[in-house]
Every structure is written in structure tokens, then in C-alpha cells.
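Work through the exercises below with the model open. Each task is followed by a stepwise solution.

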Amino acid sequence: MDTVIQIILILHFIGLAGIIGGWLATIKAPYMAKGILHGAILQVVTGLLLVGLREMQDADLNHMKIGIKLLVAIVILVVAIIGVRKEATAQGSTATLTHVAGVLGIVNVAIAVLV
């Protein structure tokens, strides 16, 4: 079970890299990179899997922290979906949405590490 958790944790970190890396890669000329969307999807799915697997092990989890991180991850996902749709239909600039997703990704890391 520990090997499965470690593999899912690696995938969770790859999702994080997709969000923050996608934001940093487009920071000069911001647009919503699809890597941000894919990273957000991966973060939400693997985060839920990690919590479920840890609950199956009867681990002592901080549910308040997990709830806040899930809320932030869902906001990032929604922002990424809106940004990608705006890009696809050329409805205007998605610079603000890109910055929101990137900053919230960093906030989620800070919550994970500091709380």
C-alpha cells in the first residue's frame, strides 16, 4: 500500500508542477496553458485518492487542512477550465485567470507545508 501511496504522491507533485510551471512559463505573455488545466485535474484526483488511501490506513489526518486545500484546488480547476474555454473561443485575455491559478497553486503549497 505504501508503494501505491508514493506513486500517487509523485503524480500529485507532477500536477503541482503543471500548475506552477505552466504559470511561470507564460508569465511574460500570459495565456491559460493547457498544462495548468491538466495539472489541476491531476491535483484534485490524486489528492482525493491520497486522502482516501490514508483514511483506509486509519491515519490521523487534519481534515480542516485537507478541506481548505481541496477548496483551493477546485478553484484552480474552475479558473483553468474558464481560461481554456476563453482561449478556445477567443473571448479575450486570460492573463488574470492565469495569474490567479498560479498564485493559488503557490498558496496550496504553502498550506501543505506550513499548516
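Helices are DSSP runs (H or I, at least four residues), and strands are DSSP runs too (E, at least two), numbered from the N terminus. The model is predicted: local features need pLDDT of at least 70, side-chain atom pairs count only at pLDDT 80 or more, and totals for chains, interfaces and linings use all residues. Residues are numbered from 1 along each chain as its sequence is written, and side-chain values use heavy atoms, with hydrogens and water left out.

**Exercise 1.** Place Gln43 and decide: buried or exposed?

Step 1. Gln43 sits in helix H2.
Step 2. Buried means under 20% relative accessible area, exposed over 50%, partly exposed in between (1.4 Å probe, protein chains only).
Step 3. Gln43 is buried, because its relative accessibility is 9%.
Step 4. Leaving out residues up to four places away in sequence, Gln43 touches His12, Gly15, Leu16 and Ile19. Contact means heavy atoms within 4.5 Å.

**Exercise 2.** Find the class of Phe13 by relative accessible area.

Step 1. Phe13 belongs to helix H1.
Step 2. Its relative accessible area is 48%, so Phe13 is partly exposed.
Step 3. Now take Val45, 32 residues away along the chain: its C-alpha atom lies 12 Å from that of Phe13.

**Exercise 3.** Sort the lining of the largest pocket by class.

Step 1. Ala, Val, Leu, Ile, Met, Phe, Trp, Tyr, Cys and Pro count as nonpolar; Asp, Glu, Lys and Arg as charged; the others, Gly among them, as polar.
Step 2. A pocket is an open set of points on a 1 Å grid over the protein atoms alone, where a 1.4 Å probe fits, with protein on both sides within 12 Å along at least five of seven lines; lining residues have an atom within 4 Å of a point.
Step 3. The lining has 15 nonpolar, five polar and three charged residues.
Step 4. H2 gives the most, with seven residues.
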